[in-house]
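Colleague: I would like a close look at one small part of this model, and then an account of how its surroundings are built up. Please take your time and keep to what the coordinates support.

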Amino acid sequence: MDRRDVLKAIAATIPLTVAGRVWAAPKADMRTLVVFLRGAYDAANVVIPVSSGFYYEQRPTIAVPRPGTHADDAVPLTPDWGLHPALKESLLPFWVKKELAFVPFAGTADDLTRSHFETQDTIELGQPAHGSRNYNSGFMARLATVLTRMRPIAYTEQLPLVFRGGNAIPNIGIGSVGKPGVDDRQAKLIESMYAKDTLGGAVSEGFKVRDDVYKTVSQEMVAADRGAVSAKGFELSARRMGRLMRDQFNLGFVDVGGWDTHVGQGGAQGYLAGRIGELGRALAGFSQELGPEAWKDTVVVVISEFGRTFHENGNKGTDHGHGSVYWVLGGAVKGGRMAGDQVKVERATLFQNRDYPVLTDYRALFGGLFQRAYGLDQNLLAQVFPGVAPKDLALV
């Protein structure tokens, strides 16, 4: 190797700077996708504290069984944690390959409102929860500004807060799918069929009750979703997103709704299990469509505005909480582990006697991730998350 080759080899390992912007040469083509689960998913029933007797005491009807021999049992990850069985086929392989890590007790350290809208805004803006906010400055827009060669895209109907400010960023809605099994027209036809039957009154009343319940339960969820695609819609569209990020874009954001489970949440089976299964299959499909080469330089971060109450409520669901569990997966991820600060799951460690605590602030987590993925120095990190020290969890 001559002198020029040696210099080139050395230069390839040094972060490059152009016009005050920086990227790490080995990761110049890193792809990052942030998946926002709007509505606050119940982390404790997805990444399950299986060693905690307190978990099973507090969730008598919706707890996921400890790892065992049945199909509905949690899948063991570590002696203390298990995975929801709906993710066994889709996400467990990433864990086994050490391409998936979970960060428990993560969230917004300074936002205690338990309001979908307040906390979603807090996370997307990446600014302190208290004081004045600049709604024209989202943290992913700031990231795209300090980096070169970024090709960002939002897979949303409207440009989300997280991408507001800075350069123009394209957005494209991936659409929602999934209609009620029986729509109004079909319901009227069924009612007419039974109009002269003794069951006519019961059929009509059944549809009325169904509609009343649907309206009552769905109103808050629809508001909390803020127009986000459904989990089923994400499953159907994730491969298209994978193709776009393989060929055209390297910084993406998508929001997925349907996680506000106050009523009838279910355990190993039921509503949440269905949504989680769709999400897992979507992420697996996204990876497959990227292909092995592009996946090697990809990081996907799955977040939610907050967790849910550790106690099961009277409607066999959970209410608004605080700490959550974030997911970090990709071919670039150092996974197969639970990352970040942790505590034993018991009554004494709950926040305000009801929720997971936040031990890893989302800005510190993203800051540490961006620092490693893109080679950002402290000055540039401060432009993305002002006043926040990055927390290096060695995720990439």
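Which residue in β6 stands opposite I48?

Modeller: The partner of I48 is G82 in β6, and I should say at once that this is a predicted model. The two residues belong to a pairing between β4 and strand β6 (residues 82–83), which run antiparallel and are joined over 2 bridges. That pairing is part of an open sheet of 3 strands in the order β4-β6-β5, again with antiparallel pairing. Its edge strands are β4 (47–48) and β5 (75–76), each of which pairs on one side only.

To place this small sheet in its setting, the protein has 12 helices and 14 strands, and of its 396 residues 54% count as buried. Among contacts with a separation of 6 or more, 72% are between residues 24 or more positions apart. The protein exposes about 17300 Å², of which carbon and sulfur atoms supply 54%.

A second strand pattern is centred on β7 (residues 100–107), which is largely enclosed by the rest of the structure because 8 of its 8 residues are buried. It pairs in the antiparallel sense with strand β12 (residues 324–329), over 6 bridges, and in this pairing A101 stands opposite V328. A101 also stands opposite R337 in β13, since β7 and strand β13 (residues 337–338) pair in the parallel sense over 2 bridges. A further 2 bridges join β7 to strand β14 (residues 360–361), which runs parallel to it, with G107 facing D361 across that pairing. As general background, side chains in a regular strand alternate between the two faces of the sheet.

The backbone in and before β7 deserves attention, because most residues other than glycine have a negative phi. F105, whose place is in strand β7, has a phi near 60°, a positive value in a residue other than glycine. With a relative accessible area of 1%, F105 falls under the 20% cut-off and therefore counts as buried. K98 likewise has a positive phi of about 60° although it is not a glycine, but K98 is found in the loop between α3 (92–96) and β7. Its relative accessibility is 51%, which is over the 50% cut-off, so K98 counts as exposed.

From here the path leads into the nonpolar interior, where W327 makes a useful reference point. Leaving aside neighbours within four places in sequence, W327 is in contact with L100, A101 and F102, and with further residues including Y41, V46, L87, L91, L279, L283 and V300. W327 and F102, together with V35, F234 and L283, touch the most other members of the largest nonpolar core, which holds 62 residues. Helix α9 (residues 271–290) gives the most to this core, with 8 residues. Apart from it lies another core, of 44 residues, among them A141, A144, F253 and L393. In soluble globular proteins, nonpolar side chains tend to be buried together.

The charged side chains complete the picture. Side chains of opposite charge can pair when their charged atoms come close, and a search of the whole structure finds 19 salt bridges. One of them returns us to the partners of β7, for D361, which stands opposite G107, forms a salt bridge with R363, the closest N and O atoms being 3.1 Å apart. Both R363 and D361 are buried. Salt bridges that share partners also join R38, E124 and D255 into one network.

Two other pairs can be described in some detail. E235 and K232 form a salt bridge in which the closest N and O atoms are 3.5 Å apart. They both lie in helix α8 (residues 231–247), 3 residues apart, about one turn of the helix. K232 has a relative accessible area of 34% and is partly exposed, because that value lies between the 20% and 50% cut-offs. K296 and E293 meet through their side chains in a salt bridge at 3.1 Å, N to O. In that pair K296, at 45% relative accessibility, counts as partly exposed, whereas E293, at 56%, counts as exposed.

Note on methods. Residues numbered from 1 in each chain as written. Predicted model: local features only at pLDDT ≥ 70, side-chain atom pairs only at ≥ 80, totals over all residues. Heavy atoms only, no water. Core = buried A, V, L, I, M, F, W, Y, C linked by side-chain atoms within 4.5 Å. Buried < 20%, exposed > 50% of the residue type's maximum accessible area, 1.4 Å probe, protein only. Helix = DSSP H or I, 4+ residues; strand = E, 2+ residues; numbered from the N terminus. Contact = heavy atoms within 4.5 Å. Salt bridge = Lys/Arg side-chain N within 4 Å of Asp/Glu carboxyl O. Areas by Shrake-Rupley, 256 points an atom, 1.4 Å probe, with all protein chains shown as cover.
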